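Me: I am in my first year and would like a close look at a single part of a protein model. Please choose one helix, describe it carefully, and then place it within the rest of the chain.

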Amino acid sequence: MKKLNAMVYMGIKTKFAYRGGALLHIAVSAFSVLILAVFWKALYPENVETQKYMIRYAALSQILSTFYAVESKLPEDIRSGDIALSLLKPWNYLAVMLQENIGKMLGNLILVGLPAFLICFLVIGLENLKWTKLCFFVFSVLLAFLILYLVRILVELSCFWIIEAWSLVFLSDVIVRIFSGSFIPSFLMPAWAQSIMEALPFIWIYEMPLRILLEKEEAAGVNMGYVFSLQIVWIVILTILTAMIWKRGRKRLAVQGG
């Protein structure tokens, strides 16, 4: 347990070592939101309510992306063979990596997320924001981070069978951003695209947490109990898949003499 707590602290400390990068990240996020604001105003020139909703959605989505960044050395460790040494240590490799990523996420939250959220609150406003909704939003984001981490690890475990997984990781990141509602929420997509998004775990990473925070309580379609339940179900499914592939990968490593 002390080792795991140390990894969380190390992840936070790593992010605080690059405070200049955090300022740059805030500037880039602000510029991205400005571009998206122009886009949504042009798309809905006469619908002010939709404009306001989508600008807030875009701004908060950018904030989420700052601390959703999952960093993993799993492909490099598998490729170099260092994974064999890591597996000999008295702790779970994937659990330690998760703890380090949680630390980095908390560092990003403090350095980038909270300042950006404050700017968002002051500049564009957030009506109907209550502490209860904010707490539910935070809980949903934590579950979403676990889903994103497991998806990323599942893709990177392919390194046990292929030499270079960088292209797969890049492709998976693009797919997640498209089908998670990070740019365009599912309710603005065609029916066939909505069906695909609802069948995948990605929509529970961006869109659903954002709708918890942004939509009015009387709005239809957002049941927080349903959101949390589906997020937990996906975490269980992805955890089982990860454990199965991790076990097979370790056996392959042993057969190859790692």
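Reply: The account below begins with helix H10 and then moves outward to other parts of the chain. The model is a predicted one.

Helix H10 spans residues 207–214 and is mostly covered, with eight of its eight residues buried. The residues concerned are Glu207, Met208, Pro209, Leu210, Arg211, Ile212, Leu213 and Leu214. Two of these residues carry charged side chains that meet each other: arginine 211 forms a salt bridge with glutamate 207, and their closest N and O atoms are 3.2 Å apart. Both partners lie in H10, four residues apart, which is about one turn of the helix.

How buried is each partner of this pair? Arginine 211 has a relative accessible area of 10%, so this residue is buried. Glutamate 207 has a relative accessibility of 0% and therefore also counts as buried. The cut-off behind both statements is that a residue is called buried when its relative accessible area is under 20%.

After H10 the chain enters a loop that leads to H11, and valine 222 is located in this loop. Valine 222 has a relative accessibility of 21%, so valine 222 counts as partly exposed. Although valine 222 and arginine 211 are 11 residues apart along the chain, their C-alpha atoms are separated by 7.0 Å. Leaving aside neighbours within four places in sequence, valine 222 is in contact with Arg211, Ile212 and Glu215. Arg211 thus appears both in the salt bridge with glutamate 207 and among the contacts of valine 222.

Beyond the loop comes helix H11, which covers residues 224–255 and includes valine 236. Valine 236 has a relative accessible area of 44%, and it is therefore partly exposed. Valine 236 also belongs to a nonpolar surface patch of about 590 Å², made together with Ile232, Val233, Ile237, Ile240, Leu241 and Met244. Whereas every one of the eight residues of H10 is buried, H11 contains valine 236, a residue that is partly exposed.

A second salt bridge allows the pair in H10 to be set beside another example, and the total count in the model is two. In this other case, arginine 152 pairs with glutamate 156, and the closest N and O atoms are 2.9 Å apart. Arginine 152 and glutamate 156 are four residues apart in helix H7 (residues 131–156), which means that about one helical turn separates them. Both of these residues are buried.

Other helices show how parts of the chain meet. Leucine 98 lies in helix H6, which covers residues 93–123. Its relative accessibility is 18%, so leucine 98 counts as buried. Apart from neighbours within four places in sequence, leucine 98 is in contact with Phe145, Leu146 and Tyr149. The C-alpha atoms of leucine 98 and isoleucine 153 are separated by 9.9 Å, with their positions 55 residues apart along the chain.

Serine 65 offers a further example, this time in helix H3 (residues 48–67). With a relative accessibility of 16%, serine 65 therefore counts as buried. Beyond its neighbours within four places in sequence, serine 65 is in contact with Arg177 and Tyr206.

Arg177 also helps to line the largest cavity, together with Leu36, Trp40, Tyr57, Ala58, Ser61, Gln62, Ser182 and Phe183. This cavity holds about 50 Å³ of space, and the structure has two cavities of 30 Å³ or more. Helix H2 (19–43) and H3 each supply at least two residues of the lining. H3 gives the largest share, namely four residues.

These parts can now be placed in the chain as a whole. The chain has 11 helices and zero strands. Of its 258 residues, 43% count as buried. Its accessible surface comes to about 14000 Å², and 70% of that surface belongs to carbon and sulfur atoms. Among contacts between residues at least 6 apart in sequence, 77% join residues at least 24 apart.

To return to the starting point, H10 is a mostly covered helix that holds the salt bridge between arginine 211 and glutamate 207, and the loop after it contains valine 222, which is in contact with Arg211.

Terms used. Residues numbered from 1 in each chain as written. Predicted model: local features only at pLDDT ≥ 70, side-chain atom pairs only at ≥ 80, totals over all residues. Heavy atoms only, no water. Patch = residues over 30% accessible without salt bridge, like charges linked within 9 Å, V, L, I, M, F, W, Y side chains within 5 Å. Areas by Shrake-Rupley, 256 points an atom, 1.4 Å probe, with all protein chains shown as cover. Salt bridge = Lys/Arg side-chain N within 4 Å of Asp/Glu carboxyl O. Buried < 20%, exposed > 50% of the residue type's maximum accessible area, 1.4 Å probe, protein only. Contact = heavy atoms within 4.5 Å. 1 Å grid on protein atoms, 1.4 Å probe; cavity = no way out; pocket = protein on both sides within 12 Å on 5 of 7 lines; lining within 4 Å. Points joined across faces, edges and corners; volume = space filled by probe spheres on them.
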